[in-house]
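Hello,

I am handing this structure over to you today. Please open it first, then read my notes beside it.

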Amino acid sequence: MKVSVRVPATTANLGPGFDCLGLALPVYNEITVEETVMPGSGIEINIIEDSETYDVLSIPKDENNIVYKAIELLYNFIGQSVSDIKITIKTNIPVTRGLGSSASVIVGGLIAANELLGKPADDAVLLSIASEVEGHPDNVAPAMFGGFCISSIEDDGSVSYSKIYWPEDWKLTVLIPDYELDTGIARSVLPENVPFFDAAYNIRKCAMLIDAVYRRDSELMKKCLKDKLHQPYREELIKGFKELTQLTENKEDILGCVISGAGPTILIISQNKGFEKIENEVNQIFNDLNVNVDIRTYTIENKGSLVL
Ligand code: HSE
C-alpha cells in the first residue's frame, strides 16, 4: 500500500512575524510513502526532480533524511518503530531558497505515513511533530493548512495556529536567485539578544499586520511589513535586498518587500499593477549584481496539503 500527498511551498516571517507568520504558495512537492514488500529491505529514499529545483543532490537518502526523521517520530508516538519503508519525493519547490521545501516534505511524509498507519495521529500531533523536526512552525502550518497562518510553539511543546483570510488581490511575487542559502547559516547570524525597543517595534508591526490582513487594509499593510529582529542581520547575505527595499519604499500599489523565510528569495507584496510598474528596475538591480533571478507572481494557495 502507498499514499501520496501534495504539499505547497510557503513563505515565512513576512517581515515582523519571525518564526510565527507564513503563507502558502501554489507550487507543490509530492511525497509518496509506501511499505516495502520485501521485509528487511530497510529505507529507500528517491528524489525525482519534476522541474529544476536546484541542489537536490545534497538531500540525504538515509536515516538523516528529515522526512524519515519525521516519520520515525510519528511511529514512536504510537509506540512502534519504522522498519521497511520507501519514500519518494517529487520536487517542484526550489531547495534552500527560503520557500519552505523542507517543511513541505516533512509535512507530506507525516501525512502520508499517518494515512498508511490508519490515521492514529490528529492534525495537532502532526503539526507538533513537523514543527519539532523543522525547528519552527511558521512554514509547517501553511504547508499543512494552506492560506495565511499565524503559529506559535507553546511552552509545553504543542503548536497553536490560526488561519486568517488573505486578500486574493494581494499578489505575491517571489524573486528566486540562482544561489542557495542554508537556513542554519541564515539563523547563525542572528544575535542572542536584541535591543528592547527593536522587540517593541516588531510587536506593534506584527500586531497591526494581522489587523491589516483581517480588514484587507492595504494602506495599513504598507506600514507593517517592516522588521528589526532578523532582516537587518541577514541583509548582508541577501543580494539586492537593501536596493529592493529602497526601490519599493512608498511606491504606489507596493505593500512591501521582505525576505522570504530565511532567504535568499525576496518577497514583494503588491496589488493591481504595482509589481509590473517596477519590474524593469527590479531586473536592473539583479543585473547590476550579476545575479540571475527567477521572478514568479502568485496568488495565495488556500487548500494546503492534499492526499492524492
Ligand atoms: N522563520 C524561519 C527563519 C524560516 O527565518 O529562520 C526559515 O525556515
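Below is what I found, starting with the ligand and moving on to the charged pairs and two single residues.

One point before the details: this is a predicted model.

**The ligand site**

Start with the ligand. The space it takes is the largest pocket. Which residues are around the ligand? From the early part of the numbering come Asn 13, Phe 18 and Asp 19. Then come His 136, Asp 138 and Asn 139. Thr 183, Arg 187, Arg 234, Gly 261 and Ala 262 complete the list.

Three of these side chains deserve a look, each beside an oxygen atom of the ligand. Arg 187 places a polar side-chain atom 2.6 Å from a ligand oxygen. For Asn 13, a polar side-chain atom lies 2.8 Å from an oxygen atom of the ligand. For Asn 139, an N or O atom of the side chain is 3.3 Å from a ligand oxygen. How much of the ligand does the protein bury? Taken alone, the ligand exposes 260 Å², and the protein buries 96% of that.

**Salt bridges**

Next, the charged pairs. The count comes to 11 salt bridges. I describe some of them here.

Glu 30 pairs with Lys 90. Their closest N and O atoms are 4.0 Å apart. This pair links distant parts of the chain, with the two positions 60 residues apart. Glu 30 sits in strand E2 (residues 21-35), and Lys 90 sits in strand E4 (residues 85-91). Are the two residues buried or partly exposed? Glu 30 has 24% relative accessibility, so it counts as partly exposed. Lys 90 is also partly exposed, at 29%.

Glu 236 forms a salt bridge with Lys 242. Here the closest N and O atoms are 3.0 Å apart. Glu 236 has a relative accessible area of 61%, so it is exposed. Lys 242 is partly exposed, because its relative accessibility is 39%.

Arg 215 bridges to Asp 217, with the closest N and O atoms 3.8 Å apart. Which residues are linked with them in a network of salt bridges? The network consists of Asp 211, Arg 215 and Asp 217. Arg 215 is partly exposed at 48% relative accessibility. Asp 217 is partly exposed as well, at 23%.

**Two single residues**

Gln 231 comes next. This residue lies in helix H8 (residues 231-234). Is Gln 231 buried or exposed? Its relative accessible area is 6%, so Gln 231 is buried. What does its side chain lie beside? A polar atom of the Gln 231 side chain is 3.0 Å from the backbone nitrogen of Ile 259.

Last, find Asp 50. It is in the loop between strand E3 (43-49) and helix H1 (66-77). Asp 50 has 46% relative accessibility and therefore counts as partly exposed. How far is Asp 50 from His 136? Their C-alpha atoms are separated by 27 Å. Along the chain, Asp 50 and His 136 are 86 residues apart. You have met His 136 already, as one of the residues around the ligand.

**Where to begin**

If time is short, open the ligand site first. Then turn to Glu 30 and Lys 90, the pair that links distant parts of the chain.

Best wishes

How values were computed:
Residues numbered from 1 in each chain as written. Predicted model: local features only at pLDDT ≥ 70, side-chain atom pairs only at ≥ 80, totals over all residues. Heavy atoms only, no water. Salt bridge = Lys/Arg side-chain N within 4 Å of Asp/Glu carboxyl O. Helix = DSSP H or I, 4+ residues; strand = E, 2+ residues; numbered from the N terminus. Buried < 20%, exposed > 50% of the residue type's maximum accessible area, 1.4 Å probe, protein only. Near = heavy atom within 4 Å. Polar contact = N/O pair within 3.5 Å; in protein donor to acceptor, adjacent residues only side chain to side chain. Areas by Shrake-Rupley, 256 points an atom, 1.4 Å probe, with all protein chains shown as cover. 1 Å grid on protein atoms, 1.4 Å probe; cavity = no way out; pocket = protein on both sides within 12 Å on 5 of 7 lines; lining within 4 Å. Sits in = over half its atoms within 2 Å of the grid points.
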